[in-house]
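Please open the structure in your viewer and keep the selection tool at hand. The tour proceeds one selection at a time.

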Amino acid sequence: MLPPLQTFAELQDCQTAIELTRAVDRLTAALGISHWLYALDLPLVDDRRHQFTLGGYPPAWVERYLEQDYLRIDPIVAHCHDHSIPLQWQDAMRSDRRVVDPHLQTVRQMFGEASEFGMGAGVSVPIHGPGTSWGLLSFAGEARMAPVFASHLPYLHLLAHFIHEAGRRFARTRPGADIPELTGRERECLFWASAGKTSWEIGHLLGISERTVVFHLQNASRKLGVSGRQAAVARAVSMGLIASY
């Protein structure tokens, strides 16, 4: 049974990004959806911006996605940049041939690997609205969920815009009194940054790429409401999120 539409309006009552994330978690769990991602100001538009995200995908898949530089050829991202209607992932191979054709084999590899991480089906809703440039809201799950995404597409389309209306208030703003929820990898990167390690050195220590280290440090900085790794380290230490080196 679908949650009542009244619960969508209640998202506007969330006072923090963490509160909103938990509310959306409850809604998506009721639908059997295991993952969702709300992202604004993606680097395809402007590499100098810090993207804003809520929700998320499995950390191991995020690292793989960054390691392989899949953002460069991702037809879902390209579709959401250029269009306004939702895209079911099984249709992505047929959408925006201008982007997909030169990298068809790599795109197939990307979707195959995503499925291995429990991301075999999904739907992505483009976000273009007041106060933001562009972004997307994706709902994802196992391949067996494809019929569910198809049957609930209008419902998910509407939900995505309610999430955006609530979430855009928190984009690129400093958190209030809440303690930011840093991932384990973000904490590790901050800890080694506090020791004066470069992104390349941190990547070598953790067995990940330099690009992935930069991604985690930028995400941590955004969550902490600061700009730059040194400021992020200082705030994380002061809040007790990492130990000083």
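A residue is called buried when its relative accessible area is under 20%, and exposed when that area is over 50%. Please keep in mind throughout that the model is predicted.

**First stop: helix α3**

Select residues 59-67, which form helix α3. Which residues of this helix are buried? They are W61, V62, E63, Y65 and L66. Next, display what lies over them: the cover includes α4 (75-82), α6 (104-116), α9 (184-194) and α11 (210-224). After α3 comes D69, whose phi is positive, near 55 degrees.

**Second stop: a network of charges**

Remain with E63, one of the buried residues of α3, and add R185 and E188 to the selection. These three residues are linked in a network of salt bridges. In general, side chains of opposite charge can pair when their charged atoms come close. Within the network, the side chains of R185 and E188 meet at 2.9 Å, N to O. Both residues belong to helix α9, where they are three residues apart, about one turn of the helix. Are R185 and E188 buried or partly exposed? R185 is partly exposed, with a relative accessible area of 23%, and E188 is also partly exposed, at 34%.

**Third stop: two further salt bridges**

The count of salt bridges comes to eight. Select R22 and E181, whose side chains form one of them at 2.9 Å, N to O. Why is this pair worth a look along the sequence? R22 is in helix α2 and E181 is in the loop between α8 and α9, so the salt bridge ties together parts that are 159 residues apart in sequence. R22 is partly exposed, at 47% relative accessibility, and E181 is partly exposed, at 47% as well.

Now select E165 and R168, where another salt bridge is found, at 3.3 Å, N to O. E165 has a relative accessible area of 36% and is partly exposed; R168, at 27%, is partly exposed too.

**Fourth stop: the nonpolar cores**

In soluble globular proteins, nonpolar side chains tend to be buried together. The largest nonpolar core here has 32 residues, and those touching the most other members are L11, L20, F139, F149, L156 and L159. Colour the elements that give two or more residues to this core: α2 (17-30), β1 (35-40), β2 (52-56), β4 (121-127), β5 (135-141), α7 (146-151) and α8 (153-167). Which element provides the largest share? It is α8, with seven residues.

Centre the view on L11. Leaving aside neighbours within four places in sequence, its contacts include L20, A23, V24, L27, L159, F162 and I163.

Apart from the largest core lies another core of 24 residues, among them Y65, C80, L87 and A140.

**Last stop: strand β4**

Finally, select β4. How many of its residues are buried? Seven of the seven are buried, so the strand is largely enclosed by the rest of the structure. In a regular strand the side chains alternate between the two faces of the sheet. Both faces of β4 are covered, with A121, V123, V125 and I127 on one side and G122, S124 and P126 on the other.

Add the strands that pair with β4. Strand β3 (residues 87-88) runs antiparallel to β4 and is joined to it by two bridges, with L87 opposite S124. β5 also pairs with β4 in the antiparallel sense, over seven bridges; here G122 has A140 of β5 as its bridge partner.

How values were computed
Residues are numbered from 1 along each chain as its sequence is written. This is a predicted model: local features need pLDDT of at least 70, side-chain atom pairs count only at pLDDT 80 or more; totals for chains, interfaces and linings use all residues. Side-chain values use heavy atoms; hydrogens and water are left out. Buried means under 20% relative accessible area, exposed over 50%, partly exposed in between (1.4 Å probe, protein chains only). Helices (H or I, at least four residues) and strands (E, at least two) are DSSP runs, numbered from the N terminus. Contact means heavy atoms within 4.5 Å. A nonpolar core is a set of buried Ala, Val, Leu, Ile, Met, Phe, Trp, Tyr and Cys residues joined through side-chain atoms within 4.5 Å. A salt bridge is a side-chain nitrogen of Lys or Arg within 4 Å of a carboxyl oxygen of Asp or Glu. Two strands pair if DSSP finds at least two bridges between them.
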